[in-house]
Amino acid sequence: MRWLLVGGVTVAIDWLIFVNVYARIETVAIANLISGVFSASFNYFAHHYWTFKSSEDHKRTSIRYIISLFFGYLLNTALLKTFIVTGIHPGLAKIVATGLQAGISYVVLNKFVFKAGKWSKRPQAED
C-alpha cells in the first residue's frame with residue numbers, strides 16, 4: 001500500500017510537470033527529463049524513509065537508484081515517443097507509459113535499490 005501511495009503521488013508530480021513543460025517546448029526527451037528530476041527526488045526519499053524503511057546509507061542506495069532511473073528514463077521516453085508519434089495525446093501517453101513501467105519499477109526498487117540482504121545492512125521486513 002505504501003508503494004502504491006508513493007507511486008501515485010510520484011505519478012501526479014511527474015504527469016503535471018511533463019504535460020506543462022511539453023506544452024511549451026514540445027520535446028519529449030527534455031520534458032520527460034525535467035519532470036523526472038522532480039518526481040524522482042520525491043520518489044527516492046519517500047521510498048527510502050517510508051515505503052521500504054531503509055536504514056542503508058544514501059551513498060549505496062542512491063547510486064543504485066540513479067542506475068535504475070537511467071534505464072527507467074530510457075524505457076519511459078521510448079514508450080512516450082512511440083505513443084505520441086502514433087497520435088496519442090501526450091498527457092494520455094505519459095499515463096500509459098508510466099503504467100506499463102510501474103511493475104518493472106516495483107521489482108527494481110524492491111529487489112535492487114532498497115533490497116535487504118545482499119546489498120543492504122537492514123534486516124528483511126516481515127509481512
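Biologist: Which residues does Thr51 touch, not counting residues up to four places away in sequence?

Modeller: In this predicted model, Thr51 lies in helix 2. Its relative accessible area is 16%, and buried means under 20%, so Thr51 is buried. With neighbours up to four places away in sequence left out, the residues Thr51 touches are Arg2, Trp3, Val6 and Ala46.

Biologist: How far apart are the C-alpha atoms of Thr51 and Ile95?

Modeller: Thr51 belongs to helix 2. Along the chain, Thr51 and Ile95 are 44 residues apart. The separation of their C-alpha atoms is 22 Å.

Biologist: Where is the kink in helix 2 centred?

Modeller: Helix 2 has 24 residues, and a straight helix of that length would span 34 Å at 1.5 Å a residue. Between its end C-alpha atoms, helix 2 spans only 30 Å. There is a kink of about 25 degrees, and its centre is Gly36.

Biologist: Which helices do the buried residues of helix 2 pack against?

Modeller: The buried residues of helix 2 include Val28, Asn32, Ser39, Tyr44, His47 and His48. Thr51 is also one of them. Their packing partners are helix 1, helix 3 and helix 4.

Biologist: Which residue with a positive phi follows helix 2?

Modeller: Most residues other than glycine have a negative phi. After helix 2 comes a residue whose phi is positive, near 45 degrees. That residue is Lys53.

Biologist: Is Glu26 buried or exposed?

Modeller: Glu26 sits in the loop between helix 1 and helix 2. Its phi is positive, about 50 degrees, although Glu26 is not a glycine. The relative accessibility of Glu26 is 61%, and the cut-off for exposed is over 50%. Glu26 therefore counts as exposed.

Biologist: Which helix gives the most to the nonpolar patch?

Modeller: The patch covers about 590 Å² of surface and is made by Leu5, Val9, Phe42, Phe45, Tyr49 and Trp50. Helix 1 (2-25) and helix 2 (28-51) each supply at least two of its residues. The largest contribution, 4 residues, is from helix 2.

Biologist: What is the relative accessible area of Leu5?

Modeller: Leu5 is one of the residues that make the nonpolar patch. Its place is in helix 1. Leu5 is partly exposed, and its relative accessible area is 49%.

Biologist: What separates the C-alpha atoms of Val9 and Phe42?

Modeller: Val9 is in helix 1, and at 34% relative accessibility it counts as partly exposed. Val9 and Phe42 both take part in the nonpolar patch. The two are 33 residues apart along the chain, and their C-alpha atoms are separated by 8.7 Å.

Biologist: Which residue meets Lys94 in a salt bridge?

Modeller: Side chains of opposite charge can pair when their charged atoms come close. The count here comes to 1 salt bridge. In that pair the N to O distance is 2.8 Å, and the partner of Lys94 is Asp14.

Biologist: How many residues apart in sequence are the parts tied together by Lys94 and Asp14?

Modeller: The salt bridge joins the side chains of Lys94 and Asp14. Lys94 lies in helix 4 and Asp14 in helix 1, so the pair ties together parts that are far along the chain from each other, by 80 residues.

Biologist: Are Lys94 and Asp14 buried or exposed?

Modeller: Lys94 and Asp14 meet in a salt bridge at 2.8 Å. The cut-off for buried is under 20% relative accessible area. Both Lys94 and Asp14 are buried.

Biologist: At which residue does helix 4 bend?

Modeller: Helix 4 runs over residues 90-113, and a straight helix of 24 residues would span 34 Å at 1.5 Å a residue. Its end C-alpha atoms span only 29 Å. Helix 4 bends by about 40 degrees, and the bend is at Ala102.

Biologist: What covers the buried residues of helix 4?

Modeller: Among the buried residues of helix 4 are Pro90, Gly91, Lys94, Gln101 and Val113. Their cover includes helix 1, helix 2 and helix 3 (58-85).

Biologist: What length does helix 3 reach from its first C-alpha to its last?

Modeller: Helix 3 has 28 residues. The expected length at 1.5 Å a residue is 40 Å. Close to that, helix 3 reaches 38 Å.

Biologist: Which helices do the buried residues of helix 3 pack against?

Modeller: The buried residues of helix 3 include Arg64, Tyr65, Asn76, Leu80 and Phe83. They pack against helix 1, helix 2 and helix 4.

Key:
Residues numbered from 1 in each chain as written. Predicted model: local features only at pLDDT ≥ 70, side-chain atom pairs only at ≥ 80, totals over all residues. Heavy atoms only, no water. Patch = residues over 30% accessible without salt bridge, like charges linked within 9 Å, V, L, I, M, F, W, Y side chains within 5 Å. Areas by Shrake-Rupley, 256 points an atom, 1.4 Å probe, with all protein chains shown as cover. Salt bridge = Lys/Arg side-chain N within 4 Å of Asp/Glu carboxyl O. Buried < 20%, exposed > 50% of the residue type's maximum accessible area, 1.4 Å probe, protein only. Expected span 1.5 Å × (residues − 1). Bend = angle between axes of the 7 residues up to and from the residue. Contact = heavy atoms within 4.5 Å.
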